[in-house]
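Please look at the model below with its ligand in view. The report considers the surroundings of that ligand.

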Amino acid sequence: MAGAGWRDVRHFIGGDWVEAGSGRTYPNRSPWSGEVLGEVAAGDAEDAERAVAAAHEAFGRWARTLPWERQRIFLRAADLLEARHDEVLRALALETGCGRHFGGVQMDFALKLLRQAAQLAYRPDGELLPSDVEGTRAMAVRRPVGVVAGIAPWNSSVVLAGRASIGPLALGNTVVLKPSEESPYTGGGLWAEILHEAGLPAGAFNVVTHAPGEAGAVGDALLAHPLVKRINFTGSTPTGRRLAEKAGRHLKRVVLQLSGQNPLIVAGDADIAYAVDAAVYGAFVHQGQVCMCARRVYVERPLAEEFAERFAARAAALPTGDPRDPATVVGPVINEWALALLDRRVKEAVGLGARVLAGGVPEPPCYPATVLTDVPDEAEISHGETFGAVVVLEVVDSAEEAVARANRSDFGLAASIITGDTQRGLRLAARLDAGIVHVNDQPVNDEPQMPFGGVKGSGWGRFGLGFAAEEFCELQWVTVRDQNRTFPF
Ligand code: ADP
């Protein structure tokens, strides 16, 4: 297990569970009960460097492992993970406050990710290219890059750690994963257990954990290390921006999936019952702690009053509390700091004139589903990502106006439109500055094969197994001549 029983998490380096070089640990606390779940290795730059060395050493062998063998490892890993379904859901609830529904969503994604990655083992492929030089055959060959570092957040820990690691691995790279300090087990140690047991060679996948407030040292070491060829990062825009600045200095390519301020637009011809259901799910799933969650709901005026009433009533009635209770929809906020931020932003908005239609009062460690309206533009909540179950409702004269308002955001991750006219939905989608748009759905959707990512302040590059070869392979131009050529001198 991840060190000594799953609740203690050590680094996983070169196929072994190891202590931090410094010997330090930190307590991993449950956001619901506050209980200490276990001690976690408090890693530093030296630990990160050890992990990179192990990943580099494993690279040659892993890259040469035949596809059928790689494929078998991912399929075996999927079976092993599936067999631990209920245990993983319990771990997610304990470690991250994730409820039963979203735990199931995470498991579903992770299993599909592994099974689709098994097919990716037969990639990367290349192309033959026509050449104007007589007797030259030209190829574009995709090759794994070497060591890929993944930095993942806690909010969808199993999915996002898996997404950071499995695509790069399947393409023949080796990986060093840095989980969030809030999810060292479900976002790190668990993946090491599964992949190790499935037969992944030692060193191909490594995990380095660290104490709260100490991500920078590990992240910087990964960024600066010349043997780390790519970084992928999922997290907040301020952190992503800092990483991108540093990566620029090292001329290192990064995939960044960052914050969102995602609109859900309800057109006047929408089925109102469906629109309310979709908005409730999209705004409050996993207590609003998903990067794709609807943060702003725009409703065309004819539907606005009834929609607001029904939406607020549903929000106010959502069961809130213990994430282990299957009935719970809104579980605990990840930590006190995040809860305080939600409270502060809601209070600020109310101070500036916003009206609270539902929620608005913290119930520590939860923040109940909250609907605000009449939120002035200067309120932080109307433009900055606020990671929790708080949504801003706005009445608009037209869905086109909603698109224009949504496009004023610095972010552009996910968006959705609910309308009785799908053609209009597609027209509006084409005008939305967002990496992802769903017509007649809410914005929280993901599948391993889809191009997942944003525009503007939501990042660049795309996750998604179908697109992983573009991000995590090097394209090499190779030519071969079938006869000697003549040179001019
Ligand atoms: P979130 O609010 O979703 O946790 P963060 O951007 O703070 O967003 O965290 C996402 C990931 O980035 C986590 O793994 C966290 O430890 C890591 N992180 C935070 N600060 C840094 C940093 N300075 N360098 C590298 N990684 C960091």
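What follows describes the ligand shell and then the pocket.

This is a predicted model, in which local features need pLDDT of at least 70 and side-chain atom pairs count only at pLDDT 80 or more, while totals for chains, interfaces and linings use all residues. Residues are numbered from 1 along each chain as its sequence is written, and side-chain values use heavy atoms, with hydrogens and water left out.

Around the ligand there are 18 residues, of which Ala 152, Lys 178, Glu 181, Ser 236 and Thr 239 come nearest; a residue is near if one of its heavy atoms lies within 4 Å. The table gives distances from an oxygen atom of the ligand.

| Residue | Partner atom | Distance |
|---|---|---|
| Ala 152 | polar backbone atom | 2.6 Å |
| Glu 181 | side-chain N or O atom | 2.7 Å |
| Ser 236 | side-chain N or O atom | 2.7 Å |

Taken alone the ligand exposes 550 Å², and the protein buries 80% of that, with areas taken from the Shrake-Rupley method using a 1.4 Å probe. The largest share of the shell, three residues, comes from α7, where helices are DSSP runs (H or I) of at least four residues, numbered from the N terminus.

The ligand sits in the largest pocket, meaning that more than half of its atoms lie within 2 Å of the grid points. A pocket is an open set of points on a 1 Å grid over the protein atoms alone where a 1.4 Å probe fits, with protein on both sides within 12 Å along at least five of seven lines, and lining residues have an atom within 4 Å of a point. To the lining of this pocket α8 gives the most, with seven residues.

Conventions: Polar contact = N/O pair within 3.5 Å; in protein donor to acceptor, adjacent residues only side chain to side chain. Helix = DSSP H or I, 4+ residues; strand = E, 2+ residues; numbered from the N terminus.
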